[in-house]
Every structure is written in C-alpha cells, then in structure tokens.
Amino acid sequence: MELLCLEMDTIIRARPDPNLLCDDRVLQRLLTIEERFLPQYSYFKGVQKDIQPFMRRMVATWMLEVCEEQKCEEEVFPLAMNYLDRFLAVVPTKKCNLQLLGAVCMFLASKLKETRPLTAEKLCIYTDNSIRPQELLEWELVVLGKLKWNLAAVTPNDFIEHIVKRLPLPEDKLALIRKHV
Amino acid sequence: MEQYSILGRIGEGAHGIVFKAKHVETGETVALKKVALRKLEDGIPNQALREIKALQEIEDNQCDLKPANLLISSSGHLKIADFGLARLFSEQGERLYSHQVATRWYRAPELLYGARKYDEGVDLWAVGCIFGELLNSSPLFPGENDIEQLCCVLRVLGTPTQDTWPEIVELPDYNKITFKENPAIPLEEIVPDTPPQAISLLYKFLVYSSKQRCSARRALLHPYFFSSPLPAHHSELPIPHLGGHPPRQRLQPPSLDLSVDLPLQNNVVDPTLLQGHATCL
C-alpha cells in the first residue's frame, strides 16, 4: 500500500454530482432563491446620483481582470457583481468609492467560494494602492451590513451545469461549450 | 450585543466560544458565537461567513417529512433525517430516484397549488399522512404525478370550498385547474379497522387550511395518546438489530419442509427466523 503522503499544493474539487444536476427540484429551488438575490431596480435612475452606467462597466472590467489574473474560481466574479449591484441598489455611493466597493465585493465573494481566498493586501495592490487595507476592512463590514449578511446568492453560473445537462450536446464538445458560456 | 444578556458558556471550538444568552427584548434564548479574529489583516474570517450562510440555509429549509426520512436508532429513539438530495447506492440504476415520488405523497395541498409562502403546516400535513400510513400500512395519497396527487387528496377530503379552505383563492395555481366536485369520504373508510381516537387525531392533521391543522404540541395531548394501547417507552420498542448487519439467514425465508409425518417439534418454526417476514410477530 502507498503510505507516502501525496498531498500536493493543488485544490481538490468535487466532481459534478449527477444526483444534484438531474433533479428538477434543485433547479426549481435555484430559480426560487435567485429571485431573492436580484437587485431591486435600476439604481442609476434613483439611488445613484454620481455613478453612471459606464462607470459600472469600467469597475466590472477591472474586477474581471483581477479575477482572471488571480485564477479565481469562475463563480467569484459573478457573485462579486451581484454584491456590487445589490449594494448600489440601496446605498448612494460616490464614484471615488466605486473601485473600493468592487474590491470589497471580490474580497467577500472570494472568501465564500475559494479554498485560498484573495487577501486584502493583494486586492489593494491591484488598485495601484489607491485604497488601503484598513479601508477595505471597514467597508467589508458596511457591505455585509447592507447585504444583511446574505452572501449565498444564486448567480447565472449556478445554472450552467443544469442547462448543459439538459441539452443534447455531444460529449466531446462539452468542455468547449462550458468554456464559452 | 447590548440586546443580549449572557447566561453562560455552552462550548468552545477551534474558531470561537459559544454562549447561551437571552434576547432582552423578546426573552428568547439564543446561542451566541464569539469568533476570534486571528488574522486581523484579512477582516471577517471566511469560516464565519460560511457558518452564517449555513445557518441561513437551515432556516430556509422545511424538513422533508416522510417515512423514508424517519429513522429509529438502536436505542429506540426516533431521528428525523433529511436525505433529500442523497441517494441510495443501488446496483439497479432505475431505483435511484424513487424517493422523488415518495416525497410527493406527503406534500401539503397548498404546496400542490403552488404556494410560495408556507409554514410549519406543511410538516403537520406530512405528519398526518405518515400517521395514516402507519395505521393503514400503505400510503394514504399515493399520487403518480402532481395533478394526480391533488386528485388523491381531493377524493378523500372532498373538493375544497371557500368554507373548508378560505385561503385557497390566494394560491397561485388555484385558477389553473378545476376538479369535478365530490363529497369527502369519511376517514373511517380510508383507514378501516382503526380505533376512533386514532381517526379523530388523523382528522386534526388532514385539514385543508394550514392554520387549522393541529400543532404538534397540542396533538400530544390528544386522547389517542392516553387510550389503549398506550405509548411504549422507547426501551420497549422493537429496535433494529444491533451491530449493523443482521445474521444472513434472516434475509432468506425459512426453508423448512413441513411434513405431517414428522414429530411436531420439527415442524415448529423458530420465531426469530420469522421476524423479518411476518409483521404479526
């Protein structure tokens, strides 16, 4: 018997569970829960005076870049965007704080989803040190409070495997299809 | 924190200390967990965030009451399990999903009419279904699909009216489907040869209006539990075989060649051999 400890510095992940993916109740429940986590309405029309749609696009692009460069789990970015939108739907925010908010949202999403989450220090470096770790931690509490600590949002990513499973797709193309969605 | 007064310490784990406390305003007893912030530079520990997520999920979930989720421990205690998403590992692939069907049989009528908001009444309905099944040794409402499930319930309880079920008009699927009107069938006919006290208790659970179903606490005071046969102490219950697998021979029917020519003793079956096969023992 192999007695060597073969633990490596890789992250062990569970294989997709067909029992979860084939059960319509799971999909049904995801759809129900999803509604609870959708931002109430278009905040550019009401809550936000300073922030414009193009600014959201800019911060989103930056967040995606950080997530990709840090090789974050795929669900981190959409989850962080969900936090960002939900926060902006209720709190009037200055545009100078938008990147800070984006960083906090990635910070939280990464903590919830990843084995080795992004550190405050790393995130601050990605803002070119325009924010300080201390600010990030203070805003973390603010964001958590405004989101009522409800972090387990359902994101579009959660549906991918369920949909793929229900489509008549050729086995050999599956990896490619997943990549493109 | 000012909202709570600490009553004592419950336990201590790797990530923090748990206290027993009282919410001053409501008097509700709660557990408070004090989480150690060991790595200050990374803010709220992900452990804590995930624990909160888990607690929210528990709060969300109604337990899925059905016979398959009721276990009797080796000490005779009833345990409610939820194998909602677990599957029996079976070599016959086609049996894997059978539990999905089973869950439907215990689903409260408001859920069948698409209710989004529901309460503990759905569990009380399931309790009624399970109680009836125990009395009858077969499920009360074995619907093959959701529509048929409603039919099964309506056939026994009678088509609901504004009187028997005032809330029905607010349910999402109320207008989507109508059933031929039929009167209720007395439960005595559905669960024959059952003592009147048991029937009376069953009537308390199998009520259309969720609010009118008998609460678990009140049900325990029902005369059924105070009339013969009285409830058994858990130590008196027939319990599952200790130590895992029962002896092999019990799985096969006792093979005995009964013959009138042999002495009587040879023809008497050892009762222990029959336990798995005869429900009367």
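Helices here are DSSP runs of H or I with at least four residues, and strands are runs of E with at least two, numbered from the N terminus. With that in hand, let me turn to Lys33(B), which lies in strand S3 of chain B, spanning residues 29–35.

Before going on, I should say that this is a predicted model, in which local features need pLDDT of at least 70 and side-chain atom pairs count only at pLDDT 80 or more, while totals for chains, interfaces and linings use all residues. Residues are numbered from 1 along each chain as its sequence is written, chains are lettered from A in the order in which they are written, and side-chain values use heavy atoms, leaving out hydrogens and water.

An unreviewed UniProt entry places the feature "binding site" at Lys33(B), and such annotations may be inferred rather than shown by experiment. Is Lys33(B) buried or exposed? Lys33(B) is partly exposed, at a relative accessible area of 40%, where buried means under 20%, exposed over 50%, and partly exposed in between, with a 1.4 Å probe and protein chains only. The side chains of Lys33(B) and Glu51(B) are joined by a polar contact of 3.0 Å, that is, a pair of N or O atoms within 3.5 Å, of which, within protein, one must be able to donate a hydrogen and the other to accept it, residues adjacent in sequence counting only if both atoms are side-chain atoms.

For chain B as a whole, the secondary structure comes to 10 helices and five strands, and buried residues make up 29% of its 281 residues. Among the buried residues of chain B are Tyr113(B) and Trp165(B).
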